[in-house]
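Me: Please take a close look at one part of this chain and then work outward from it. I should like the answer to read as one connected account, with the cut-offs for each term.

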Amino acid sequence: MSSVPQTMYFESVVRNEQRGMTLADELSVRFTYHSKEEWLSKIEQGLVTLNGVVATPEMIVMPKDKVVYRVDNYTEPEVPTEFETLYEDDDFLIVSKPAGIPVHHTGHIFYNTFTGVIRRAFKNEELSPMHRLDRDTGGIMIFAKDKDTAKRFEKSLDLILLRKVYLAVVRGEFPEGEILCEEPLREDPNHFIRIKMFPFANGKPCKTVFHRVAVFHEKIGDIEAPFSLVEAELFTGRKHQIRAHLSHLGYPVVGDKLYSFDGDYYKKLVSGNGPLTEEDFQKLGAKTQMLFAYRAQIRIPGKEPHWFISHKFTSEMEAVIQRLPQPLPDASTLDSEASR
């Protein structure tokens, strides 16, 4: 866990649509985690500056004004911050993200985002993720080391990140052979969980190919046997694609709070009735979902394509991997197969 500063400063720049508003109105419209009355109180306490001057409630904001909000006695939920470095050159950094840490800031985590952790570790504020993983998904990520590299490749990442293969532990006995799922996905604005993805004919095109690696006839937590270890290769990159496709097929990821048990454990968390208990985790089968971006074929510009592999699974997922009769392939094996 990377130590969180006791005092944090949150900077923002006023947008065109907030032109002419009072500072309190501008803050309450954009940053709804405080009400207008709470923002007024923060301003009166001297915790907000406007263009470097301690603010007063009646101040009017204009586009490009700089607002800084100071938070004393700042705290954040603890998240895992250890990571594995797989590759580094002048332009790119390839790392393995732990499960349980968000890539970008959330409503409760601003300092210990994975991007922040990487930037501080490499003392480089320009490091930028070229893609993302869900908070509870661990595995391989590519970072650009400067803004120019990020801009140059942001719309042609598929020329670098050639293949993405995940491992998932799912409930049930997954079918043998290649299973193709091309169900289009989108949110359902009428569903009480707005971020959840559902199969819809007018959804975004999706393609995931699944292969069963192994079936286990044992329990995980309170989940009855069998369960399966499955490889999932992404050919499109929609939000929650693997999780939503596996749930649609009837094999939800073990530990998935959103796509298993009708989202009941996700609802418990966001409704304020959390945190989840040890009993809840036993029913889910794991504290974080057992989904990991464990290998990726990447073509660094000027070099031949190469498979990068990470085995930095959570301890719960590692316990499943250890039961395999044969070890997972390594990068040299995959590279030699690809060159045939």
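Reply: C206 is a suitable starting point: its relative accessible area is 5%, so this residue is buried (under 20% relative accessible area; exposed is over 50%, and partly exposed lies in between, with a 1.4 Å probe and protein chains only). The model is predicted, so local features are restricted to pLDDT of at least 70 and side-chain atom pairs to pLDDT 80 or more, whereas totals for chains, interfaces and linings use all residues. Numbering runs from 1 along each chain as its sequence is written, and side-chain values rest on heavy atoms, with hydrogens and water left out.

The closest cysteine sulfur to that of C206 belongs to C181, at 8.2 Å, which is too far for a bond. C181 is likewise buried, at 3% relative accessibility. Across the whole structure, the search returns 0 disulfides, a disulfide being a pair of cysteine sulfur atoms within 2.5 Å.

C206 is also among the residues touched by R238, together with K204 and P205, when residues up to four places away in sequence are not counted; contact here means heavy atoms within 4.5 Å. R238 sits in the loop between β14 (227–234) and α5 (241–249), where helices (H or I, at least four residues) and strands (E, at least two) are DSSP runs numbered from the N terminus. Unlike the buried C206, R238 is partly exposed, with a relative accessible area of 31%. Its side chain reaches the backbone oxygen of P205 at 2.8 Å. R238 and L185 are 53 residues apart along the chain, yet their C-alpha atoms are separated by 7.8 Å.

The helix at the end of that loop, α5, has Q241, I242, R243, A244, H245 and L246 as its buried residues. After α5 comes G250, with a positive phi near 95°. On the other side of β14, P226 belongs to the loop between β13 (208–216) and β14, and the peptide bond from A225 to P226 is cis, with omega near 0°.

Helix α3 (residues 114–121) offers a second set of buried helical residues, namely F114, T115, G116, V117 and I118. These pack against β6 (92–97), β7 (128–129) and β8 (138–144). Just after α3, K123 has a positive phi of about 50°.

Two other residues have a positive phi without being glycine. N51, with phi of about 55°, lies in the loop between β2 (48–50) and β3 (53–54) and is partly exposed at 45%. N73, with phi near 55°, lies in the loop between β4 (66–71) and β5 (84–88) and is exposed at 65%.

The open and enclosed spaces complete the account. On a 1 Å grid over the protein atoms alone, a cavity is a set of points where a 1.4 Å probe fits but cannot get out, a pocket is an open set with protein on both sides within 12 Å along at least five of seven lines, and lining residues have an atom within 4 Å of a point. Points are joined across faces, edges and corners, and volume is the space filled by probe spheres set on them.

The largest pocket holds about 1000 Å³. It is lined by 28 residues, of which R135, D136, K257, Y266 and L269 are the closest to its centre. Helix α6 (residues 264–270) contributes the most to this lining, with 3 residues. The lining comprises 12 nonpolar, 8 polar and 8 charged residues (nonpolar: Ala, Val, Leu, Ile, Met, Phe, Trp, Tyr, Cys and Pro; charged: Asp, Glu, Lys and Arg; polar: the others, Gly among them).

There is 1 cavity of 30 Å³ or more in the whole structure, and the largest has a volume of about 70 Å³. Its lining consists of H131, I140, L161, K164, V165, Y166, A293, R295 and A296. β9 (161–171) and β15 (291–298) each supply at least two of these residues, and β9 gives the most, with 4. By class, 6 are nonpolar, 1 is polar and 2 are charged.

Beyond β15, the loop leading to β16 (306–309) contains K303. This lysine is partly exposed, with a relative accessible area of 45%. The side chains of K303 and Y87 make a polar contact at 2.9 Å (N or O atoms within 3.5 Å, where within protein one must be able to donate a hydrogen and the other to accept it, and residues adjacent in sequence count only if both atoms are side-chain atoms).
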